[in-house]
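Please open the model in a viewer and keep the sequence panel visible. The stops below are arranged so that each selection leads to the next.

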Amino acid sequence: MPEPMTERVAGFEAECRRRGLAVTVQRRAVFEALAVRRDHPSADQVYDAVRGRIPGLSRTTVYRVLDTLVEAGFVRKVHHAGGVARFDPMTHRHHHLVCEACGRLVDVDDAAVPTLRLPEARGSGFRITDYSVSFLGLCGACGRTKR
């Protein structure tokens, strides 16, 4: 494992222990699988990536581990209309380019999108906790085939 990844996994394990969250083989494997990717995999893609490493691992276990990692703030769940939930190891606020043809997600640097002031949600009972912006369009590969 490359040194930056080793440090990231060690940081994950230390933070789990600090919070009293057990560092299980399954949690570590799922976190490692996400940490090396930038393609925002679905739960099924994460399962496919780790099932060969852990004999007897179930899809349900991967879904539960992902839910735990999201709840603990180690990964973000990314939702886009018409698509399955995807998982992002980058937990800071950032935005995405979304290909409407193939579903590819690409991170957009914060500096490219100005900080938005959260709107008041008076009367709706809705409490806004965060936001992300999705820019819809066609990725380079799909754009070439659509011409």
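Begin with the whole protein chain, which is a predicted model. Among its contacts between residues at least 6 apart in sequence, 46% join residues at least 24 apart. Taken along the principal axes, the C-alpha atoms fill a box of roughly 45 × 45 × 30 Å. Colour the protein chain by secondary structure: five helices and five strands should appear, and their pattern along the sequence reads α-α-α-α-β-β-β-β-β-α. A colouring by accessibility is also useful here, as 35% of the 147 residues count as buried.

**Stop 1: helices H2 and H3**

Select residues 25-35 for helix H2 and residues 43-50 for helix H3. The axes of H2 and H3 lie 10 Å apart, and the packing angle is about 110°. The pair is therefore classed as roughly perpendicular. Which residues of H2 meet H3? Display the side chains of Ala-29, Val-30, Ala-33 and Leu-34 in H2; their partners in H3 are Val-46, Ala-49 and Val-50. Sorted by class, this contact of H2 with H3 comprises seven nonpolar residues, with no polar and no charged ones.

**Stop 2: Pro-41, between the two helices**

Now select Pro-41, which is located in the loop between H2 and H3. Is Pro-41 buried or exposed? Its relative accessibility is 0%, so Pro-41 counts as buried. Leaving aside residues up to four places away in sequence, Pro-41 touches Leu-34, Val-46, Arg-86 and Phe-87. Leu-34 and Val-46 were also displayed at the previous stop, as residues of H2 and H3 respectively. For a distance check, draw a line from the C-alpha of Pro-41 to that of Pro-114: the two are 27 Å apart in space and 73 residues apart in sequence.

**Stop 3: helices H3 and H4**

Keep H3 and add helix H4, residues 59-71. Their axes are 9 Å apart, and the two helices pack at an angle of about 115°. H3 passes H4 in a right-handed crossing. On the H3 side, display Ala-43, Asp-44, Val-46, Tyr-47 and Val-50; on the H4 side, display Arg-59, Val-62, Tyr-63 and Leu-66. The contact of H3 with H4 has seven nonpolar, no polar and two charged residues. Val-46 and Val-50 of H3 take part here and also in the contact with H2.

**Stop 4: the three-stranded sheet**

Hide the helices and turn to the strands. Strands of a sheet pair through backbone hydrogen bonds, either parallel or antiparallel. The selection for this stop is an open sheet of three strands in the order E4-E3-E5, with mixed pairing. E4 and strand E5 (134-137) are the edge strands, each pairing on one side only. From one strand to the next, the twist averages 25°.

Select strand E3 (residues 95-99) with strand E4 (residues 105-108): they run antiparallel and are joined by four bridges. E3 and E5, by contrast, run parallel, and four bridges join them. Which residues stand opposite Val-98 in E4 and in E5? Label Leu-105 in E4 and Leu-136 in E5.

**Stop 5: the hairpin of E3 and E4**

Finally, select the five residues between strands E3 and E4 in their hairpin. Within this hairpin, inspect the backbone of Gly-103, which takes a positive phi near 85°.

Methods: Residues are numbered from 1 along each chain as its sequence is written. This is a predicted model: local features need pLDDT of at least 70, side-chain atom pairs count only at pLDDT 80 or more; totals for chains, interfaces and linings use all residues. Side-chain values use heavy atoms; hydrogens and water are left out. Axes are lines fitted to C-alpha atoms, for helices over the stretch in contact, and angles run from 0 to 180 degrees between N-to-C directions. Angles under 35 degrees count as roughly parallel, over 145 as roughly antiparallel, 65 to 115 as roughly perpendicular and the rest as oblique. Contact means heavy atoms within 4.5 Å. Ala, Val, Leu, Ile, Met, Phe, Trp, Tyr, Cys and Pro count as nonpolar, Asp, Glu, Lys and Arg as charged, and the others, Gly among them, as polar. Two strands pair if DSSP finds at least two bridges between them. A crossing is left-handed if the near helix is turned anticlockwise from the far one by less than a right angle, and right-handed if clockwise. Buried means under 20% relative accessible area, exposed over 50%, partly exposed in between (1.4 Å probe, protein chains only).
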